[in-house]
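Here is a short note for a colleague who is meeting this structure for the first time. Please read it with the model open.

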Amino acid sequence: MRKKIIAVSTIALIILISTVVFAWFISTESIANKFKMGTIKVEVLEPGFEDITDVSTGTYTKNVQVASLGTKRTYVRIRLIPEWSEPSLPISNVQLNLNLGDWVDGGDGHYYYKYYLTKDQVTSLLLESVTFTSLGPEYDGKTLSIKAVAEGAQITHNAWKDIWGISTLPFPEGVPAP
């Protein structure tokens, strides 16, 4: 019996020593790989604009442009929607004076900036002023709002196709903003 205990103890000791020696020669290290997704974020800017009261026929400065605040290269489009506080009033007497030098009318109600933007870049002005051609007494006390709705889409992987539902851009692709 004593020989059995010595034999089992010896085998256990050999296994223990082998495990310790084997572990001594093995090293384990791990690295955490992080992938942070980029962002698309645009903001409508109206530099210097303050609400205007006592409007009459004539032209008023109203600047609108778009800034890219995300980290990805971004195409930008914007929709300008003028509407009176009284929805039944027509907007035919409101003229939006646009600067289309760097912008393209997409024919779908949107204006597309011809270039892509990178972080903190700003488009040129799209809207420069608003002209009221005639304002009858029905407009007394009414307010005109111009909603500017901007959208951004990353330029890679043709994401704009899925996001905007268009098959082609109305300008040449891949040109950075000046």
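1. Start at Thr123. Leaving out residues up to four places away in sequence, Thr123 touches Gln65, Val66, Trp103, Tyr113 and Leu117. Keep in mind that this is a predicted model.

2. Where does Thr123 sit? Its place is in the loop between strand 6 (111-113) and strand 7. Thr123 counts as buried because its relative accessibility is 2%, and buried means under 20%.

3. Two of the contacts of Thr123, Trp103 and Tyr113, lead into the largest nonpolar core. That core has 23 residues. Those with the most contacts inside it are Ile78, Trp84, Trp103, Tyr113, Val130, Phe132 and Leu144. In soluble globular proteins, nonpolar side chains tend to be buried together.

4. Which elements build this core? Strand 2, strand 3 (74-84), strand 6, strand 7 and strand 8 each supply at least two residues. Strand 3 gives the most, with 4 residues.

5. A second core is separate and has 11 residues. Among them are Tyr75, Ala153, Trp164 and Ile166.

6. Look at Val130 next. Not counting neighbours within four places in sequence, Val130 is in contact with Gly58, Thr59, Tyr60, Lys62, Val94, Gln95, Leu96, Asn97, Leu144 and Ile146. One of these, Leu144, is also listed with Val130 among the residues with the most contacts inside the largest core.

7. Now the open space. The largest pocket has a volume of about 560 Å³. Of its 23 lining residues, Ile52, Val55, Phe132, Thr143 and Leu144 are the closest to the centre. Strand 2 (58-68), strand 7 (127-132) and strand 8 (144-154) are the elements that give two or more residues to the lining. Phe132 and Leu144 thus appear in both lists, for the pocket centre and for the core.

8. What is the make-up of the pocket lining? It divides into 11 nonpolar, 7 polar and 5 charged residues.

9. Lys147 is also in strand 8. Is Lys147 buried, partly exposed or exposed? It is partly exposed, because its relative accessible area is 43%, and that value falls between the 20% and 50% cut-offs.

10. Lys147 touches Arg79, Leu80, Ile81 and Glu83, again leaving out residues up to four places away in sequence. With Glu83 there is a polar contact between the two side chains, at 3.1 Å. Lys147 and Val44 are 103 residues apart along the chain, and their C-alpha atoms are separated by 10.0 Å.

Methods
Residues numbered from 1 in each chain as written. Predicted model: local features only at pLDDT ≥ 70, side-chain atom pairs only at ≥ 80, totals over all residues. Heavy atoms only, no water. 1 Å grid on protein atoms, 1.4 Å probe; cavity = no way out; pocket = protein on both sides within 12 Å on 5 of 7 lines; lining within 4 Å. Points joined across faces, edges and corners; volume = space filled by probe spheres on them. Nonpolar A, V, L, I, M, F, W, Y, C, P; charged D, E, K, R; others polar. Buried < 20%, exposed > 50% of the residue type's maximum accessible area, 1.4 Å probe, protein only. Contact = heavy atoms within 4.5 Å. Polar contact = N/O pair within 3.5 Å; in protein donor to acceptor, adjacent residues only side chain to side chain. Core = buried A, V, L, I, M, F, W, Y, C linked by side-chain atoms within 4.5 Å.
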